[in-house]
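Reader: I would like to learn how to read sheets, cavities and pockets in a model. Please take one case and go through it with me.

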Amino acid sequence: MSGNGRGAGAPALLARGLAKSYGQVRAVRDISIEARRGEIYGFLGRNGAGKTTTIRMILGLVRPDEGEIEILGSSLRRDRAGVLSRVGYLVESAAAYPKLSVLENLELQRRLTRSPKAAAGAAMETLGLEQYSGRLAGRLSLGNKQRLSIARALVHRPELLILDEPANGLDPAGIIEIRALLKRLAHEEGVTIFMSSHLLDEVEQLADRIGIVHEGRLVEEAEAADLSARSLRSVEIEVDDPGKAEAALREFLGLRAIERSGERALRVTDPLADPAAIARTIVGAGLGLSRLVAGSEDLESHFMRLTGGSL
């Protein structure tokens, strides 16, 4: 899925200062995003946070009040048709012509995008839809409608694939298959994938970089590995004298984020918290240590801490 060479060194997607209001409601406020070529970018936010509005602006479906968008090195504002011919997308819900068969839907998409004759069959094979080729799209299960929508997005072999809830309606086996497909497209074929999802564990397994939007603003954007490194870590301890234990940890280790989590328990969430050093300090202070459990946030916990809620 190689491109035509234009803007080869530029990011696949670059948005600067996007803003959008509907009346008195500010849906998006000064969002800037960069998705590099060949990576999977996970775009997360609670319902109403501004995810879909941002995606619709990126696709030229909604005009931003402020800001600029470049896709594959070209300005969306100046060359919308040329830019979007290199983009595949699935936004908000599965879409197909219900009275056309699976193959007819893909063949129509092939003609609209002026793709090679083999493109419809190739997309159908990629998404495992061969056995449903003659079935009307309106009679497909929700999961297979989703597969068909992704297949339509891939017919013209796009360089940038934008997916809003790609796992919607899929059973666990289907989710695993789509996960493998997206990884192959990005990491083997160089397709950039920009995806939003409420399945945080899926994003955690897929994304190379993650952006978190809250109340219309991008509150965090980071490499997935860096995000994991900055996620809150915790050490839970149970001691015979929590008061003295807390004093010792503050004095000898300089720890500050310590709270009571039970009658004899403390929870340490200081970034400097080291389980081995905590154990040595407690024992060295002559205190009885009966339990120590170290843990760290997963993406869901990190997300909820940043946004104050779930998706």
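Reader: Which residue in β8 is the bridge partner of D164?

Author: This is a predicted model. The general idea comes first: strands of a sheet pair through backbone hydrogen bonds, either parallel or antiparallel. Here, D164 has S196 in β8 as its bridge partner. Likewise, L163 stands opposite M195 in β8. These pairs belong to strand β7 (residues 160-164) and strand β8 (residues 192-196), which pair in the parallel sense over 5 bridges.

Reader: In what order do the strands of that sheet lie?

Author: The order is β6-β7-β8-β3-β9-β10, an open sheet of 6 strands with mixed pairing. Its edge strands, each pairing on one side only, are β6 (87-90) and β10 (217-223). From one strand to the next, the twist averages 15 degrees. Helix α5 (residues 142-154) packs on this sheet and touches β6 and β7, and its direction makes about 165 degrees with that of β6.

Reader: How many bridges join β6 and β7?

Author: The two pair in the parallel sense over 4 bridges. One bridge partner can be named: G88 is matched with L161 in β7.

Reader: Are the residues of β7 buried or exposed?

Author: Strand β7 is mostly covered, with 5 of its 5 residues buried. To read the two faces, look at which way the side chains point. L160, I162 and D164 point one way, L161 and L163 point the other way, and all are buried.

Reader: What is the strand order in the sheet of 4 strands?

Author: That open sheet runs β2-β1-β4-β5 with antiparallel pairing. The edges are β2 (25-35) and β5 (74-75), each of which pairs on one side only. Helix α1 (residues 51-58) packs on this sheet, with contacts to β1 (13-22), β2 and β4, and its direction makes about 120 degrees with that of β1. Strand β4 (residues 66-71) is joined to β5 by 2 bridges; in one of the pairs, E70 has S75 as its partner in β5.

Reader: Now the empty space. How many cavities of 30 Å³ or more are there?

Author: Again the general idea: rolling a probe the size of a water molecule over the atoms shows where empty space is left. In this model the count is 1 cavity of 30 Å³ or more. The largest cavity holds about 70 Å³ of space. Its lining consists of P166, A167, I175, I178, R179, L182, M195, S197, E202 and L206. Two or more of the lining residues come from each of α6 (172-187) and α7 (200-206), and α6 has the largest share, 4 residues. By class, the lining has 7 nonpolar, 1 polar and 2 charged residues.

Reader: Which residues lie nearest the centre of the largest pocket?

Author: V87, Y89, Q109, T113 and H156 do, out of 24 lining residues. The elements that give two or more residues to this lining are α2 (80-84), β6, α3 (102-112) and α5, and β6 gives the most, with 4 residues. The largest pocket holds about 620 Å³ of space, and its lining has 13 nonpolar, 8 polar and 3 charged residues.

Reader: What lines the second largest pocket?

Author: The lining is made of M57, G60, V62, R63, P64, G67, E68, I69, L76, R77 and R80. Strand β4 gives the most, with 3 residues. By class, the lining divides into 5 nonpolar, 2 polar and 4 charged residues, and about 270 Å³ of space lies in this pocket.

Methods. Residues numbered from 1 in each chain as written. Predicted model: local features only at pLDDT ≥ 70, side-chain atom pairs only at ≥ 80, totals over all residues. Heavy atoms only, no water. Pairing = 2+ DSSP bridges. Contact = heavy atoms within 4.5 Å. Axes fitted to C-alpha atoms, helices over the stretch in contact; angles between N-to-C directions. 1 Å grid on protein atoms, 1.4 Å probe; cavity = no way out; pocket = protein on both sides within 12 Å on 5 of 7 lines; lining within 4 Å. Points joined across faces, edges and corners; volume = space filled by probe spheres on them. Nonpolar A, V, L, I, M, F, W, Y, C, P; charged D, E, K, R; others polar. Buried < 20%, exposed > 50% of the residue type's maximum accessible area, 1.4 Å probe, protein only.
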